[in-house]
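User: I'm new to this one, so could you walk me through a single part of it in some detail? I'd like to look at the place where the two chains meet.

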Amino acid sequence: MYLKKNILTRRKFFNFILGFACVFSSKLSFAEKQIGSPFRDRFQSYRQTFRIEPDPEEAKRIVRNIIKGREIREDLIYLKAPDIAENGNTVPISFSVNCSMEEQDYPKIVHILVLDNPFPEIARFYFTPESGEASVAIRIRMRTSSNIIAIAEMSDGTVGATKSFVDVTIGACS
Amino acid sequence: MANEERKNWRRRLKVPISALQGEIITIKTMAEHIMEPGVRRDPETGVIYPKKIIDLVICRFNGKQIYKSHWFSGVSANPFMSFKMKAITSGLVEVEWVDDYGQSSYKKAVIMVYDKNGKKIIPMKLDKASSIKEVM
């Protein structure tokens with residue numbers, strides 16, 4: 001008997017190729033968003049474990065995705081970091097946001113990024129009006145001497161950012 | 001080994017005992033944790049140590065979340081963090097640390113807030129007849 005089902009016709013063949021093309025193009029279009037977005041995707045931890053070389057392009061992409069083309073306000077956030085850090089394992093930094101902590105005027109999220117680290121994002125801080133002042137001190141790791149960037153996203157949609165350069169003598173492994 | 005495991009669970013929280021109303025107080029937190037970034041290799045065998053970090057730190061005051069922070073592998077080992085809070089009523093401050101593996105640990109402290117006249121401000125209202133009033 002002649003089975004027609006198992007035969008690969010020309011129509012089936014072209015459909016197969018077209019479907020593949022569709023899937024690939026969609027993945028490529030989403031890829032740029034996935035890598036640069038500050039939120040972790042499923043493979044972030046995998047990439048972090050095996051990619052040891054820092055990628056400055058990705059840091060720039062993350063900063064661009066946070067700011068999203070908005071105007072950067074000046075004198076909004078103050079970052080305090082040492083000029084020279086002897087040990088890269090513990091670099092004490094602190095920041096404070098210059099605002100009245102009311103419903104319309106408080107920082108929703110503050111990001112801290114070190115550009116030359118292999119995984120540039122370090123911490124995110126979420127504030128509420130109940131926390132009377134948006135100022136935090138924390139200790140971070142730095143691999144090489146590089147810029148620290150602090151970005152504050154306010155509740156009314158404006159953005160403020162500062163950066164300061166830190167010279168590291170003995171780098172950390174991070 | 002048991003000692004190392006215990007080390008990863010030690011937490012510290014420093015909150016002032018008393019404060020005036022409307023004062024902004026600082027809360028200091030410290031967790032003893034290795035914060036393995038997942039990049040380090042064993043020098044002899046070359047095996048990568050698996051990543052183990054504290055992901056999330058939450059601060060609650062009287063059960064309401066007032067502050068939260070997400071951490072990634074860039075935070076140093078034995079992470080120290082200090083932040084501010086506005087003292088309005090006296091109550092319970094709870095800080096919770098959540099691990100990469102979902103293990104959570106918390107520490108709590110009590111703060112008493114006084115008026116200008118030296119009167120305690122307590123969030124709950126008590127009846128006159130209740131005997132709890134004598135205790136407070």
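Analyst: Here is a walk through the interface of chain A and chain B, with a short stop at a cavity afterwards. Keep in mind that this is a predicted model.

Let's start with who touches whom: on one side there are 31 residues of chain A, and they are in contact with 33 residues of chain B. Together the two chains bury about 2900 Å², and carbon and sulfur atoms give 56% of that area. Three residues stand out on the chain A side: Tyr126(A), Arg139(A) and Arg141(A) supply 21% of the area that chain A buries against chain B, more than any other three residues.

Now for the polar side of things. Between chain A and chain B there are 11 residue pairs in polar contact, counting pairs with both residues at pLDDT 80 or more. The interface also has one salt bridge. Its partners are Lys64(B) and Glu130(A), with the closest N and O atoms 2.6 Å apart.

Which elements of chain A supply at least two residues each to the side that touches chain B? They are helix H2 (44–50), strand S6 (121–127) and strand S7 (135–140). S6(A) provides the largest share, seven residues. Sorted by class, this side of chain A has 13 nonpolar, 10 polar and eight charged residues.

Finally, that cavity. The whole structure holds two cavities of 30 Å³ or more, and the second largest has about 40 Å³ of space. Its lining consists of Trp9(B), Arg11(B), His33(B), Ile54(B), Trp97(B), Val98(B), Asp99(B), Gln103(B) and Ser105(B). Strand S7 of chain B (residues 91–99) gives the most to this lining, with three residues. By class, the lining of the second largest cavity comes out as four nonpolar, three polar and two charged residues.

Definitions and conventions:
Residues numbered from 1 in each chain as written. Chains lettered and ligands numbered in written order. Predicted model: local features only at pLDDT ≥ 70, side-chain atom pairs only at ≥ 80, totals over all residues. Heavy atoms only, no water. 1 Å grid on protein atoms, 1.4 Å probe; cavity = no way out; pocket = protein on both sides within 12 Å on 5 of 7 lines; lining within 4 Å. Points joined across faces, edges and corners; volume = space filled by probe spheres on them. Helix = DSSP H or I, 4+ residues; strand = E, 2+ residues; numbered from the N terminus. Nonpolar A, V, L, I, M, F, W, Y, C, P; charged D, E, K, R; others polar. Contact = heavy atoms within 4.5 Å. Buried area = accessible area lost by both parts, 1.4 Å probe. Salt bridge = Lys/Arg side-chain N within 4 Å of Asp/Glu carboxyl O. Polar contact = N/O pair within 3.5 Å; in protein donor to acceptor, adjacent residues only side chain to side chain.
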